[in-house]
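Okay, thanks everyone for coming. I'll walk through one structure today, so have it open in your viewer and follow along.

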Amino acid sequence: MIEVNRKGEVWVFAEQHDGRLEDTPVELMSKARHLADTLGVKLAAVVLGDGVKDLATKLIQYGADKVYLAEHPLLRAYQTNSYAKVIFDLIHKHTPQIVLYGATIAGRDLAPRIASATRAGLTADCTDLQIGDHTTARDKKVHKNLLFQIRPAFGGNIIATIINPDRWPQMATVREGVMPMPEPDGKRKGRIVEEEVTLAQHDLPLEILEEHKREKKVDLKAARIIVAGGAGLGSKDNFKLVWDLANCLGGAPAATRAAVDLSFIDHDHQVGQTGTTVRPSLYIAVGISGAIQHQAGMSQSQKIVAINNDPDAPIFGVAHYKIIGDLNEVVPMMIKSVREKS
Amino acid sequence: MGYNCVVLIKQVPDTKRITGDVMNDDGTVKRSALPAIFNPEDLNALEMALQIKDKFGGHITVITMGLPAASDILRDSLFRGVDEAILLTDRRCAASDTLATSYILSCAVKKLDYDIVLCGRQAIDGDTAQVGPQLAEKLGITQITYVEELTELNGKTITARRNIGNGFQQVKAPLPVLLTVTGDANEPRVAAAKKMMKYKNALTPIEIQQKITAENPDAVQSEIKELAEHKYGKLVEKGLLIKQWDLDAIEADLSWCGMSGSPTKVHRIQSVVLAAKESKEIEPDEKAVSDMIHELIADKIIA
Ligand SMILES: Cc1cc2nc3c(=O)[nH]c(=O)nc-3n(C[C@H](O)[C@H](O)[C@H](O)COP(=O)(O)OP(=O)(O)OC[C@H]3O[C@@H](n4cnc5c(N)ncnc54)[C@H](O)[C@@H]3O)c2cc1C
Ligand SMILES: Cc1cc2nc3c(=O)[nH]c(=O)nc-3n(C[C@H](O)[C@H](O)[C@H](O)COP(=O)(O)OP(=O)(O)OC[C@H]3O[C@@H](n4cnc5c(N)ncnc54)[C@H](O)[C@@H]3O)c2cc1C
């Protein structure tokens, strides 16, 4: 645990694998930039790895004022203990006021280990971050400029705002896909701080015997238009309506978990809590009831069109355009109309 | 040789069944209105421990930190085949965040002999998945998170397959180790009828006290105490008294427990009342649908 330190920097752990930055910490950079500006402090990214200096330059383009670069042959592959040890030491050396991690598999493995060692608080899986004041109920003490860590809990049924008033750093993991990717700015200037790392083999208790990664078949996050289908399509054959509408709009096909479980389409296309979180310009929900776990992945879309024959379907609660009707009639009408217009 | 396993289990409200009437006006959840269940992924952790015992022998202890009502999931674990169950209950645990929770659990686990500590990946109420890794750090042992298969146990090493989101990893680690287990790892077995017969009357001391107080509304404190002592003795003889610990029993430093041990505080809670958006109803006919597409093109939503 470190003391409350108003001059402390805002940090983002810039997770990389095989020399490639993960999307989630990059998405975090624009929000973190905003937090640092509000607080009037510097934004720093922290990169660990071996031969990853070129990533430091990229992170400056994404908004960092400073990049702490920790390179060591034993940091080549991610491991909990070695990464936790290096970041723990950096936190104690530089006393940042905020440390943010992507809520990726590695982020959610690493951040709690560091929080426990630092005896600091950690908020899980945030969907938004803000700066605000908090008054303690008991003694009416006002804590200025705290990090408001906003997160769903209770299976997505409530939204909690969590704070760490007096034990810092304020740490949080942030869910993928909830913040927009920043545009890199080649003209930005920043400083790269090379940190000395001491690690021994015993800091790496795990032996990674093998690893299999596969590329996702679709990149839903990059799609400007998404057409998503649910169980209401009825069959894999009929799910072709979703593909057709997506194709004529130049969009990507997506689905609910129910549709994936029915094998209408591959899991890579699933949107929601246990799938991908998306925020396209247009999201068309076809035959989707709108369960909370599905909404968790799409409610941030700029415009939402919902087609459902049940007027009480929860999806209509988040839709901008509600079409109460049979998808088998409405979707062909939409395809026809789009073809005519373009 | 056998392995000593400690499984951490949590009783949770069944958040899948949340409906509008379960929410209070201030956005908090009426916990009492929801059925309390065994956290689903803790059942997968327990199943993994049972399979280790089936294959290699050894001893399984389950621990839950919670209210007296959490005794239900301890009995459920006894029905499924664990050797020992411990209720960790103390008012001073209230308001613990994940840091305080993992500290308290670590004090309890340190009282036991263990080779493998198992947690669920995540609890369905707090939804943080933080307690496992924090507990591993407090115990000073290696963690393997997101375990979907135990590949091999050989002497003092374990090999496991972990889900890494876009694929998997096989990792090997020395014991002792802490695993967090995902819902894909296995199909949890059901309770065994014989064990159910045996343990259905197993009780924790606090349940015995509550029962005796309810049955003897006029009894004074000393009488209740005497009746309870008598009942404890009878259950101990039959091996049916479930162990109960408080923070003193595990020698926890109180400054790291409950509210004072929790750096995170809740600033506010809102229920997800989906923000009513400006919305239009479109008739399901050619003209209305075509007008909508036209509007989307005019707004540059469709290129
Ligand atoms: C709305 C809300 C939001 C919250 N947000 C945060 C937050 O962001 N950060 C934070 O630090 N705390 C938070 N808390 C507090 C947190 O929920 C509690 O500390 C809780 O006791 C443990 O966290 P969890 O339910 O997320 O468990 P997880 O970390 O998801 O549980 C993982 C595993 O740990 C084991 N385990 C967990 N709890 C117990 C237990 N009591 N007994 C035995 N085994 C257990 C189980 O094996 C379980 O499967 C929040 C609480 C609420 C109500
Ligand atoms: C822990 C957990 C995680 C989950 N994660 C996800 C997730 O990531 N993503 C996800 O999507 N779900 C997830 N779910 C599942 C979620 O709760 C729902 O079960 C699921 O989203 C429902 O999918 P659906 O809307 O396709 O099906 P249904 O709920 O069956 O809805 C089908 C809809 O189609 C409509 N319909 C039927 N016929 C027609 C027709 N001819 N014309 C028009 N409309 C029609 C019906 O009125 C109905 O509203 C998760 C659940 C849990 C418990």
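**A two-chain walk-through**

Let me start with one side chain: A:Gln295 is buried, at 4% relative accessible area. This residue sits in helix H7 of chain A, which covers residues 292-295. What does the side chain of A:Gln295 have for polar company? One of its polar atoms lies 3.5 Å from the backbone oxygen of A:Pro314. And before I go on, please keep in mind that this is a predicted model.

Staying in chain A, have a look at strand S16, residues 282-286. Five of its five residues are buried. A:Leu282, A:Ile284 and A:Val286 point one way, A:Tyr283 and A:Ala285 point the other way, and all are buried. Which strands pair with it? Strand S14(A), residues 225-229, runs parallel to S16(A), with five bridges between them. Strand S17(A), residues 303-308, also pairs with S16(A) in the parallel sense, over five bridges. If you want a residue to click on, try A:Tyr283: A:Ile226 stands opposite this tyrosine, and its bridge partner in S17(A) is A:Ile304.

Now the sheet I find most fun to trace. It's an open one of 10 strands with mixed pairing, and the order goes S13(A)-S9(B)-S8(B)-S7(B)-S10(B)-S6(B)-S1(B)-S4(B)-S5(B)-S11(B). At the edges you have S13 of chain A, residues 207-213, and S11 of chain B, residues 243-245; each has a single partner strand, so one side of each is left without a neighbour in the sheet. Ignoring direction, neighbouring strands here are turned by 30° against each other on average.

Let's zoom in on S6(B), residues 116-120. Buried or exposed, what are its residues? Five of five are buried. On one side you get B:Ile116, B:Leu118 and B:Gly120, on the other B:Val117 and B:Cys119, so both faces are covered. Strand S1(B), residues 3-8, runs parallel to S6(B), joined by three bridges, and B:Val7 stands opposite B:Leu118 there. Then S10(B), residues 177-181, pairs with S6(B) in the parallel sense over five bridges, with B:Val177 as the bridge partner of B:Ile116.

Move along to S7(B), residues 142-154, and S8(B), residues 157-163. These two are antiparallel, with six bridges between them; one pair to look at is B:Leu153 with B:Ile158. What lies across this pair of strands? Helix H4 of chain A, residues 105-118, running at about 105° to S7(B). Chain B also has a helix packing on the sheet: H2(B), residues 71-80, touches S4(B) and S5(B), and its direction makes about 170° with that of S5(B).

That takes us to the interface. In terms of contacts, 79 residues of chain B meet 71 residues of chain A. About 6600 Å² is buried between the chains, 59% of it on carbon and sulfur atoms. How many salt bridges cross over? One. That's A:Lys336 with B:Glu286, at 3.2 Å, N to O. For polar contacts the count is 31 residue pairs, both residues at pLDDT 80 or more. On the chain B side, several elements each supply at least two residues, among them H4(B), S7(B), S8(B) and S9(B). The largest share comes from H8(B), with nine residues.

Last topic: salt bridges in general. The structure holds 35 of them over all chains. Take A:Arg188 and A:Asp65, which meet at 3.3 Å, N to O. That pair links distant parts of chain A, 123 residues apart, with both partners in loops. A:Arg188 is partly exposed, at 25% relative accessible area.

In chain B, look at B:Lys111 and B:Glu251, at 2.3 Å, N to O. They sit 140 residues apart, again both in loops. B:Lys111 is partly exposed at 37%, while B:Glu251 is exposed at 60%.

For a local one, B:Asp291 and B:Lys287 meet at 2.7 Å, N to O. They are four residues apart in H8(B), so about one helical turn separates them. B:Asp291 is partly exposed at 40%, and B:Lys287 is exposed at 57%. And back in chain A, salt bridges with shared partners join A:Arg33, A:Asp37, A:Asp65 and A:Arg188 into one network.

That's my tour, thanks.

Note on methods: Residues are numbered from 1 along each chain as its sequence is written. Chains are lettered from A and ligands numbered from 1 in the order in which they are written. This is a predicted model: local features need pLDDT of at least 70, side-chain atom pairs count only at pLDDT 80 or more; totals for chains, interfaces and linings use all residues. Side-chain values use heavy atoms; hydrogens and water are left out. Two strands pair if DSSP finds at least two bridges between them. Axes are lines fitted to C-alpha atoms, for helices over the stretch in contact, and angles run from 0 to 180 degrees between N-to-C directions. Contact means heavy atoms within 4.5 Å. Buried means under 20% relative accessible area, exposed over 50%, partly exposed in between (1.4 Å probe, protein chains only). Buried area is the accessible area (1.4 Å probe) that two parts lose on being put together, summed over both. A salt bridge is a side-chain nitrogen of Lys or Arg within 4 Å of a carboxyl oxygen of Asp or Glu. A polar contact is a pair of N or O atoms within 3.5 Å; within protein, one must be able to donate a hydrogen and the other to accept it, and residues adjacent in sequence count only if both atoms are side-chain atoms.
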